[in-house]
Amino acid sequence: MPETLTITDNRTGKTYEVPIKDGTIRATDLRQIKFDELDFGLMTYDPAFMNTAACRSSITFIDGDRGILEYRGIPIEQLAEKSTYLETAYLLLNGELPTQSQLDEWTFNVTHHTILNEKLKLVLDAFRYNAHPMGKFISMISALGTMYPEAKNIFDYDNRQKQIQRIVAKVITIAAFGYRHMVGMPYAYPDNDLSYSENFLNMIFKTTETKYKPHPALAKALDVLLILHADHEQNCSTSTMRVVGSSHVDPYSALAAAAAALYGPLHGGANEEVIRMLTEIGSKDNVPAFIKKVKAGEGVKLMGFGHRVYKNYDPRAKIIKQVAYEVFEVTGKNPLLDIALELERIALEDEYFVKRKLYPNVDFYSGLIYQAMKFPMDMFPVLFAIGRTSGWLAQWQEMLLDADQKISRPRQIFTGSPRRDYKPISQR
Ligand code: CMC
């Protein structure tokens, strides 16, 4: 069977044969299809990249119809059960699970890079008291990059690994300092005796104790949440990381841009919106009326439902639902849980949602856990960003080393005015 596609241009009657590789044709192969010599050549129009592969990647596999998510071939369910966030980050970044000595070295390096330059506290101080922690996170990542001018040497392997370690290490400190700044508490410094997730909880919640040790079940739950959020192939923020990184800027600047993309309510901001929605609904009894509003298409969405890729239950949502019960054992049940369960029950039976294949996504239950752990809502997208940092960096590195890649530069279909002359203001 020839792996080619035959195209007939009915404008000219000419026929073209283009190769098919991996179920894909190269968009640039269409450029030979011209109406006449002056024609630019055929393009594809794909707003929101609904059917365009922008890269070849060996990092994350998703089968949205079957609800499958794998990092480097390993199912997310196994990683959530057996791995740790730092081990999973290593897997994403390096392609293989680490040996014991590789894991020890990676853990040591991350643990010993968590301290921030003290000057960065002045950046935080410049923010207004009610600044959103995600805005602070984005700015702090960018400010952090200015401390390491050598980070621009992105094609130097050792330098790149150093920056990757630094970024993975310091995002928890940046996030925690942003939180302490928001609540007016003195900064708590990293403690090298603790694991990554424990250390983050230490910097968030430590008060006057000389040594803070979070509840193991809560530290484990956070670690699982970080694993589940670590990568999700070419989503909006990861594509941003790749596009911005394709200009060969340093990884801090690219990561700040990726975090900005994540902040939006249709992406990493959705977990915050879920809690707002559940709070607004107020009680189980109000769920049918809310569902009715969503279906009426009055601009109300069921936040935490639906996904561009998953047309089945998001496998992460299944794990998170389980983790939620484990967390509530320690913290007591989040009162919004009953509303969420009722929403899910009704939505999964309702024709509107069934027909559109709308299922709970990763954000539907994660906010309930964060809230039960006493994180304010504004911190939720920051928690997402911490987990996603390793994925962003893995994808950035893959993009840099991919000989097929160049600076990202989409085309457009120009719909504006044809050429015309400037009119002096008196004649307009
Ligand atoms: N509630 C109600 N209707 C919905 C929802 C929803 N959450 N999501 C999609 N629909 C409807 C939509 O109105 C459309 O209906 P119709 O065909 O009648 O016009 C149909 O389902 C298809 O939706 P779409 O907007 O074409 O789908 P999309 O792939 O462009 O959007 C999405 C995906 C995630 C942006 C969207 O489902 C959504 O806005 N969900 C709520 C926000 C959310 O939970 N986001 C988190 C995503 S997962 C984590 C992450 O990636 O950050």
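In this tour, two residues are said to be in contact when heavy atoms of theirs lie within 4.5 Å. The model on display is predicted.

**Stop 1: Ser-366**

Select Ser-366 to begin, and show the helix around it, α16, which covers residues 363-372. Ser-366 has a relative accessible area of 0% and is therefore buried, since buried means under 20%. Next, display the side chains of Leu-225, His-229, Asn-271 and Ile-320; Ser-366 touches these residues when those up to four places away in sequence are not counted.

**Stop 2: the ligand**

Move now to the ligand and select the residues around it, of which there are 20. His-267, Lys-301, Leu-302, Gly-304 and Arg-308 are the closest. By class, the shell comprises 10 nonpolar, 6 polar and 4 charged residues.

Three distances may be displayed here. For Lys-301, choose the side chain: an N or O atom there is 2.6 Å from an oxygen atom of the ligand. For Leu-302, choose the backbone, where an N or O atom lies 2.7 Å from a nitrogen atom of the ligand. For Gly-304, the backbone is again the part to show, with an N or O atom 2.8 Å from an oxygen atom of the ligand. Considered alone, the ligand exposes 930 Å², and 72% of that area is buried by the protein.

**Stop 3: aromatic pairs**

Colour the aromatic residues next; the structure contains 15 aromatic pairs. One of them joins Phe-305 and Phe-353, whose ring centres are 6.1 Å apart. The planes of these two rings stand at 70°, so the pair is classed as edge-to-face. Phe-305 belongs to the loop between α12 (287-295) and α13 (315-331), whereas Phe-353 belongs to helix α15 (residues 351-355); the pair therefore ties together parts that are 48 residues apart in sequence. Both Phe-305 and Phe-353 are buried.

To see a cluster linked by ring pairs, select Tyr-179, Phe-200, Phe-205, Tyr-370, Phe-375 and Phe-380 together.

**Stop 4: His-232**

Select His-232, in the loop between α8 (216-229) and α9. The relative accessible area of His-232 is 5%, so this residue is buried. Add Tyr-310 to the selection: the side chains of His-232 and Tyr-310 are joined by a polar contact of 2.7 Å. Tyr-310 is also one of the residues that His-232 touches beyond four places in sequence, and the others are Thr-60, Ile-62, Leu-69, His-307, Arg-316 and Arg-388.

**Stop 5: Ala-80**

Proceed to helix α1 (residues 76-82), and pick out Ala-80 within it. With a relative accessible area of 7%, Ala-80 is buried. Residues up to four places away in sequence aside, Ala-80 touches Lys-220, Val-224, Ile-227, Leu-228 and Ile-319. For a view across the model, draw a line from the C-alpha atom of Ala-80 to that of Gly-135; these atoms are separated by 29 Å, and the two residues are 55 residues apart along the chain.

**Stop 6: Tyr-148**

Select Tyr-148, which is located in the loop between α5 (133-145) and α6 (157-183). Is Tyr-148 buried or exposed? Its relative accessible area is 13%, so Tyr-148 is buried. Its contacts, neighbours within four places in sequence left aside, are Gln-163, Arg-166, Lys-170 and Tyr-252. Tyr-252 deserves a second selection: Tyr-148 and Tyr-252 are 104 residues apart along the chain, and their C-alpha atoms are separated by 9.3 Å.

**Stop 7: two positive phi angles**

The tour ends with backbone geometry at two loop residues. Select Arg-72, in the loop between β4 (68-71) and β5 (74-75). Although Arg-72 is not a glycine, its phi is positive, at about 50°. The relative accessibility of Arg-72 is 21%, so this residue counts as partly exposed.

Then select His-248, in the loop between α9 (236-245) and α10 (251-262). His-248 is likewise not a glycine, and has a positive phi of about 70°. Its relative accessibility is 43%, so His-248 counts as partly exposed.

Technical notes: Residues are numbered from 1 along each chain as its sequence is written. This is a predicted model: local features need pLDDT of at least 70, side-chain atom pairs count only at pLDDT 80 or more; totals for chains, interfaces and linings use all residues. Side-chain values use heavy atoms; hydrogens and water are left out. A residue is near a molecule or strand if one of its heavy atoms lies within 4 Å of it. A polar contact is a pair of N or O atoms within 3.5 Å; within protein, one must be able to donate a hydrogen and the other to accept it, and residues adjacent in sequence count only if both atoms are side-chain atoms. Accessible areas come from the Shrake-Rupley method with a 1.4 Å probe; for residues, only the protein chains shown count as cover. Ala, Val, Leu, Ile, Met, Phe, Trp, Tyr, Cys and Pro count as nonpolar, Asp, Glu, Lys and Arg as charged, and the others, Gly among them, as polar. Helices (H or I, at least four residues) and strands (E, at least two) are DSSP runs, numbered from the N terminus. Buried means under 20% relative accessible area, exposed over 50%, partly exposed in between (1.4 Å probe, protein chains only). Rings of Phe, Tyr and Trp (its six-membered ring) pair if their centres lie within 6.5 Å; planes under 30 degrees apart count as stacked, over 60 as edge-to-face and the rest as tilted.
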